[in-house]
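This report describes a single protein chain, going from selected side-chain pairs to the chain as a whole. Keep the structure in view while reading.

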Amino acid sequence: MITETLHQKQTLSFEVFPPKKDGEFDAAFEVMDALGKLSPDFISVTYGAGGSRSKKTVDIASYIQNTLHIDALAHMTCVGCKKEALLQVYNDLKAANVKHVLALRGDRPKDMDDEQYESRDFAHANDMITFLKENTDLSIAGACYPEKHFEAFSKKSDLEYLKQKQDAGAEFFITQLFFDNDLFYDFCERADKVGITIPICAGIMPITSAKQLGTTISLSGSSIPKAFADIIATYGENPEDMRKAGIDYAIRQIMDLQANKADGIHIYTMNKPQIAADIVAAIR
């Protein structure tokens with residue numbers, strides 16, 4: 001179980017996403033095979049808005065769990081999902097021997113009108129966690145934001161919602177990506193003060209191109225420290241140098257987190273096993 005492992009040691013884990021098309025599964029399984037050789041403690045698998053790719057998530061998670069024999073953490077989003085549909089996904093996961101999920105509210109589907117949004121079964125991720133705890137035997141993780149969720153009124157209110165996730169039954173947290181470790185350490189201190197006691201895995205994304213950074217920032221809202229901005233300014237126009245510099249920055253981030261005893265390191269791999277391999281070779 002992932003929670004037990006987190007209480008025993010500092011974990012290393014990866015995030016992957018399922019293929020968008022059925023014909024891309026062979027390539028996706030090759031990516032999983034390559035990542036599996038790096039011996040992570042678990043691998044999380046993302047999930048389309050409103051469950052739009054839930055079957056693909058289950059298929060990839062099943063491969064990780066049953067073929068690679070690595071704990072799979074399947075994402076579940078609830079913003080566009082009815083209770084009955086959520087239980088069907090649970091049944092699919094159970095049949096695939098997948099016992100861990102990351103419970104997320106998720107982004108509002110583009111085709112969801114205001115009336116549907118206001119009458120949704122789950123307003124927040126903690127509502128889904130409560131429902132899953134009452135109706136399933138899943139081990140549940142939650143997401144957290146070192147720099148505050150963009151919708152939260154304040155850092156204080158954001159932590160209050162996070163505490164609700166823990167109280168609802170979340171067993172550990174994984175952070176949104178960040179580029180400044182001091183923000184993570186400050187977040188952990190503030191979380192401790194409000195009574196958050198479960199493990200927190202630090203989410204790290206290697207940025208290997210200037211274009212990738214722009215997309216990442218627009219989706220995550222993460223701030224860019226001067227040290228990393230300088231790297232973009234220096235190497236952004238040279239793809240190979242930028243790739244090396246971005247990987248090196250992630251390595252230095254992770255080594256600092258390891259030295260400061262972060263509960264776990266969670267690498268957003270973007271389905272690029274060679275980048276993950278380069279990082280693992282340096283940090284182990």
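## Salt bridges in helix α7

K163 counts as partly exposed, because its relative accessibility is 23%. The model is predicted, and values such as this one are computed from it. The side chain of K163 meets that of D167 in a salt bridge, with 3.1 Å between N and O. Both residues belong to helix α7, and because they are four residues apart there, about one helical turn separates them. D167 is exposed, with a relative accessible area of 52%. The cut-off for exposed is over 50%, so a value of 52% places D167 in that class.

A second pair in this helix involves E160 and K156, whose side chains form a salt bridge with an N to O distance of 2.7 Å. Helix α7 covers residues 155–168, and E160 and K156 are four residues apart in it, so the separation is again about one helical turn. E160 has 40% relative accessibility and therefore counts as partly exposed. K156 is exposed, at a relative accessible area of 59%.

## A buried residue of the helix

L159 also lies in helix α7. Is L159 buried or exposed? L159 has a relative accessible area of 5%, so it is buried; the cut-off for buried is under 20%.

Which residues does L159 touch, leaving out those up to four places away in sequence? They are F187, R190, A191, V194 and I196. A distance can be given for D192 as well: L159 and D192 are 33 residues apart in sequence, and their C-alpha atoms are 9.9 Å apart in space.

## A salt bridge between two loops

A search of the whole structure finds 11 salt bridges. One of them joins D121 to K82, with the closest N and O atoms 3.8 Å apart. This pair links distant parts of the chain, since the two residues are 39 residues apart. D121 sits in the loop between α5 (114–118) and α6 (125–135), while K82 sits in the loop between β3 (71–77) and α4 (83–95).

Both partners can be placed by accessibility. D121 has 29% relative accessibility, so it counts as partly exposed. K82 has 43% and therefore also counts as partly exposed.

## Strand β1 and its neighbours

Strand β1 spans residues 11–16, and six of its six residues are buried, so the strand is largely enclosed by the rest of the structure. Both faces are covered: T11, S13 and E15 lie on one side, L12, F14 and V16 on the other, and all are buried.

Which strands does β1 pair with? Strand β8 (residues 264–268) runs parallel to β1 and is joined to it by five bridges. In this pairing, E15 has Y268 of β8 as its bridge partner. Strand β2 (residues 42–45) is also parallel to β1, with four bridges between them. Here F14 has I43 of β2 as its bridge partner.

## Nonpolar cores

F14 appears again in the largest nonpolar core, which has 67 residues. The members that touch the most other members are F14, I64, M76, L132, L257 and I279. A second, separate core has 23 residues, among them F42, F172, F179 and C201.

What does L257 touch, not counting residues up to four places away in sequence? Its contacts are Q10, F178, N181, F184, Y185, A202, I204, A262 and I265.

## The chain as a whole

The chain has 12 helices and eight strands. Its C-alpha atoms fill a box of roughly 50 × 45 × 40 Å, taken along the principal axes. A compact globule of 284 residues would have a radius of gyration near 19 Å, and the 18 Å of this chain agrees with that.

Buried residues make up 53% of the 284 residues. The chain exposes about 13500 Å², and carbon and sulfur atoms supply 50% of this area. Among contacts between residues at least 6 apart in sequence, 82% join residues at least 24 apart. The salt bridge between D121 and K82, 39 residues apart, is one link between distant parts of the chain.

How values were computed:
Residues numbered from 1 in each chain as written. Predicted model: local features only at pLDDT ≥ 70, side-chain atom pairs only at ≥ 80, totals over all residues. Heavy atoms only, no water. Core = buried A, V, L, I, M, F, W, Y, C linked by side-chain atoms within 4.5 Å. Buried < 20%, exposed > 50% of the residue type's maximum accessible area, 1.4 Å probe, protein only. Contact = heavy atoms within 4.5 Å. Salt bridge = Lys/Arg side-chain N within 4 Å of Asp/Glu carboxyl O. Rg over C-alpha atoms; globule rule 2.2 N^0.38 Å. Areas by Shrake-Rupley, 256 points an atom, 1.4 Å probe, with all protein chains shown as cover. Pairing = 2+ DSSP bridges.
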